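Please look at the sequence and the model below with a few residues in mind, and follow how each is placed among its surroundings. The report goes from definitions to single residues, then to a helix and a pocket.

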Amino acid sequence: MQYSEGQVGRVFTVRIDDGEDFLREIQRFVAAMNIRCGTIQFLGAVRSATIVTGPKEPVIPPSPRGEEIFGGWELLGFATIYPGEDGPSIHLHTAAGKGIRSLTGCLREKAEVYLVIEAIVTEFVGITAKRLPDEQTGVNLPVFDRMLP
């Protein structure tokens with residue numbers, strides 16, 4: 001088990017509006033505010049999005065199974081932020097629902113906002129971490145500075 005210890009830094013509230021791409025805009029905001037480590041909590045809705053709902057088969061490395069959603073799905077989600085190879089790396093999971101159908105997974109590629117998505121971005125300071133490709137799993141994983149004995 002790896003870990004790092006820090007404190008809460010700045011806290012931001014963010015509104016992303018109808019028609020904007022949530023993934024692009026939250027990435028742009030995190031980079032503009034120079035947030036290296038933190039979390040994102042969000043709620044709102046999307047017109048369309050892509051959600052990875054798990055692997056096709058439980059093997060390593062995984063082959064992702066994607067679902068396309070269209071037509072106004074409600075979202076509730078959480079993300080972590082760590083420095084990646086090309087700037088801030090955001091790993092974002094969501095629960096999405098419309099009517100009696102629901103999906104949970106990793107929001108990827110696109111997420112066109114319907115009406116609004118509200119987000120709370122909490123910055124962590126003092127954390128030593130990076131998100132790096134893991135050779136064994138083929139997934140980008142957070143790497144921390146300490147190990148629990």
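Helices, written H, and strands, written E, are DSSP runs of at least four and at least two residues respectively, and they are numbered from the N terminus. With those names in hand, Asp 18 can be placed in the loop between E2 and H1. The model is a predicted one, and every value below is computed from it.

**The annotated region**

The unreviewed UniProt entry lists residues 6-145 as "domain: PPC". Over residues 6-145 the chain is 70% strand and 8% helix, and the C-alpha atoms at the two ends are 12 Å apart.

**Three residues compared**

Is Asp 18 buried, exposed or partly exposed? Because partly exposed covers values from 20% to 50% relative accessible area, Asp 18, at 38% relative accessibility, counts as partly exposed. Leaving aside neighbours within four places in sequence, Asp 18 is in contact with Arg 47, Val 113, Tyr 114 and Leu 115. In the case of Leu 115, the backbone nitrogen lies 2.9 Å from a polar atom of the side chain of Asp 18. The C-alpha atoms of Asp 18 and Met 33, which are 15 residues apart along the chain, are separated by 22 Å.

Ser 4 sits in the loop between strand E1 (2-3) and strand E2 (7-17). Its relative accessible area is 17%, and since buried means under 20%, Ser 4 is buried. Apart from neighbours within four places in sequence, Ser 4 is in contact with Gly 126, Ile 127, Thr 128, Phe 144 and Asp 145. Two of these partners are also reached by polar atoms of the Ser 4 side chain: the backbone nitrogen of Thr 128 lies 2.9 Å from one, while the side chain of Asp 145 makes a polar contact at 3.0 Å.

Leu 92 belongs to strand E5 and is buried, with a relative accessible area of 3%. Not counting residues up to four places away in sequence, Leu 92 touches a set of residues that includes Phe 22, Leu 23, Phe 42, Phe 78 and Cys 106. Although Leu 92 and Phe 78 are 14 residues apart in sequence, their C-alpha atoms are 5.9 Å apart in space.

The polar pairs with a backbone nitrogen can be set side by side, with one from the start of H1 added.

| Side chain | Backbone nitrogen | Distance |
|---|---|---|
| Ser 4 | Thr 128 | 2.9 Å |
| Asp 18 | Leu 115 | 2.9 Å |
| Asp 21 | Leu 23 | within 2.9 Å |

**Helix H1**

At the start of H1, the atom of Asp 21 in this pair is a side-chain oxygen. The buried residues of H1 are Phe 22, Leu 23, Glu 25, Ile 26, Phe 29 and Val 30, and they pack against E2, E3, E4, E5 and E6. After H1 comes Asn 34, whose phi is positive, near 55°.

**The largest pocket**

What is the volume of the largest pocket? The largest pocket has a volume of about 780 Å³. Of the 30 residues that line the largest pocket, those closest to its centre are His 91, Cys 106, Arg 108, Val 139 and Asn 140. Elements that give two or more residues to this lining include helix H1 (22-32), strand E3 (37-55) and strand E8 (140-144), and E5 gives the most, with 7 residues. By class, the lining has 15 nonpolar, 10 polar and 5 charged residues.

Note on methods. Residues are numbered from 1 along each chain as its sequence is written. This is a predicted model: local features need pLDDT of at least 70, side-chain atom pairs count only at pLDDT 80 or more; totals for chains, interfaces and linings use all residues. Side-chain values use heavy atoms; hydrogens and water are left out. UniProt positions are given in the numbering used here, feature names are shortened, and annotations may be inferred rather than shown by experiment. Buried means under 20% relative accessible area, exposed over 50%, partly exposed in between (1.4 Å probe, protein chains only). A polar contact is a pair of N or O atoms within 3.5 Å; within protein, one must be able to donate a hydrogen and the other to accept it, and residues adjacent in sequence count only if both atoms are side-chain atoms. Contact means heavy atoms within 4.5 Å. On a 1 Å grid over the protein atoms alone, a cavity is a set of points where a 1.4 Å probe fits but cannot get out, and a pocket is an open set with protein on both sides within 12 Å along at least five of seven lines; lining residues have an atom within 4 Å of a point. Grid points are joined across faces, edges and corners, and a volume is the space filled by probe spheres set on the points. Ala, Val, Leu, Ile, Met, Phe, Trp, Tyr, Cys and Pro count as nonpolar, Asp, Glu, Lys and Arg as charged, and the others, Gly among them, as polar.
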